[in-house]
Amino acid sequence: MAFENILVEKKPPVGIITINRPEQLNALNSKTMMEIYGAVGELSSSEDIRVLVITGSGKKAFAAGADIKEMVNLSVTQARAFSELGHRLCTAIEEIQQPVIAAVNGFSLGGGNELAMACDIIYASENARFGQPEVNLAVVPGFGGTQRLVRRVGLAKGRELLYTGEIVNAQEAKTMGMINEVYPADELMDKVMERSRLIASKGPLAVAQAKRLIYQGFDLPLCGALEIERQVFAGLFGTNDQRHGMKAFIEKKKPEYKGN
Ligand code: CAA
């Protein structure tokens, strides 16, 4: 697939998607979201890719929001379709097997932050800024932010951010549990690659199942979610990787997982 607004790199075991509209602070228009959706599908179906990374090009932004210039004159019906596209993209990121890491290298605002929050892990540079400033424009987040933000940071902080539109720095975002870690800007991608390779070295079926268990189990009643965990745990004993991994431990060898 050829892309205009994103760059896609395969550095097995890692696939990297870079939103590439730096002059517009990587704002997410429909075309860009469709391209990211396509790239997520393409990379996640590659057998040699075990972790995906999404980042923004330039030094200023991950993505400064959904594209206000595209949204300004949308009708109600068009706005619904625009929101559905953002939701489809964010849900696709949650539903693929591979963990997805957002490498946030600057502004992560509005729809951009909603994209980051759909990712499994968020690492940020020290200059990153986070927020849901939609109320400044008299709208609410449209790509899942009202739901994913409060799930990450809790109701108290989530409400405050959503009602004030306030922008917080990377340390504040880490303290409130929105993001995982903060690195100096020039180290961010190296650290992200290091963390990606660490995840990729683990049993891929186990990592994929852990992702699915968290995603599917989070909103279930605890007893139902725990039953799914028991089923998945047992099912993994039908894989070669489980036998290989446990034998390697006993024989004091490093395991090499094949994903079967
Ligand atoms: N959409 C479209 N264009 C955007 C944009 C966005 N979300 N954010 C920035 N840009 C554009 C600017 O219009 C400008 O383009 P021009 O040169 O053509 O004028 C360019 O990117 C550079 O931006 P600034 O000159 O504004 O840069 P700055 O450093 O002065 O300010 C900023 C940076 C504080 C991030 C500011 O750009 C800003 O406030 N951006 C909008 C943030 C925002 O409100 N995001 C939420 C959008 S609504 C949403 O996302 C809805 C949803 O949930 C689906």
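**Exercise 1.** Is arginine 80 buried or exposed, and what is its relative accessible area? Work from the predicted model shown above, and then describe the salt bridge that arginine 80 makes with glutamate 84.

*Solution.* Begin with the accessible area: arginine 80 has a relative value of 56%, and because a residue counts as exposed when this value is over 50%, arginine 80 is exposed. Next, consider glutamate 84, whose relative accessible area is 35%, so that it is partly exposed. The side chains of these two residues meet in a salt bridge with an N to O distance of 2.7 Å. Finally, locate the pair: both residues belong to helix 3 (residues 76–95), where they stand four residues apart, about one turn of the helix.

**Exercise 2.** Find the salt bridge between lysine 31 and glutamate 35, and determine how each residue is classed by accessibility.

*Solution.* First, the N to O distance between the two side chains is 3.3 Å, which lies within the 4 Å cut-off for a salt bridge. Second, the two residues are four apart in helix 1, and so about one helical turn separates them. Third, lysine 31 is partly exposed at 37% relative accessibility, whereas glutamate 35, at 6%, is buried.

**Exercise 3.** Explain why the salt bridge between lysine 10 and aspartate 48 ties together parts that are 38 residues apart in sequence.

*Solution.* Start with the contact itself, in which the closest N and O atoms of lysine 10 and aspartate 48 are 3.5 Å apart. Then place the partners: lysine 10 is in strand 1 (residues 6–11), while aspartate 48 is in the loop between helix 1 (30–44) and strand 3 (51–56), so the bridge links parts that are 38 residues apart in the sequence. Both partners are partly exposed, lysine 10 with a relative accessible area of 45% and aspartate 48 with 38%.

**Exercise 4.** Describe the surroundings of the ligand, beginning with how many residues surround it.

*Solution.* The ligand is surrounded by 23 residues, and the closest are Lys60, Ala66, Gly111, Glu114 and Glu134. Sorted by character, the residues of this shell comprise 12 nonpolar, five polar and six charged ones. Turning to individual contacts, an N or O atom in the side chain of lysine 60 is 2.6 Å from an oxygen atom of the ligand, and a polar side-chain atom of glutamate 114 is 2.5 Å from a ligand oxygen atom. Isoleucine 68 takes part through its backbone, a polar atom of which is 2.9 Å from a nitrogen atom of the ligand. As a last step, consider the area: the ligand taken alone exposes 980 Å², of which the protein buries 65%.

Notes: Residues numbered from 1 in each chain as written. Predicted model: local features only at pLDDT ≥ 70, side-chain atom pairs only at ≥ 80, totals over all residues. Heavy atoms only, no water. Near = heavy atom within 4 Å. Polar contact = N/O pair within 3.5 Å; in protein donor to acceptor, adjacent residues only side chain to side chain. Areas by Shrake-Rupley, 256 points an atom, 1.4 Å probe, with all protein chains shown as cover. Nonpolar A, V, L, I, M, F, W, Y, C, P; charged D, E, K, R; others polar. Buried < 20%, exposed > 50% of the residue type's maximum accessible area, 1.4 Å probe, protein only.
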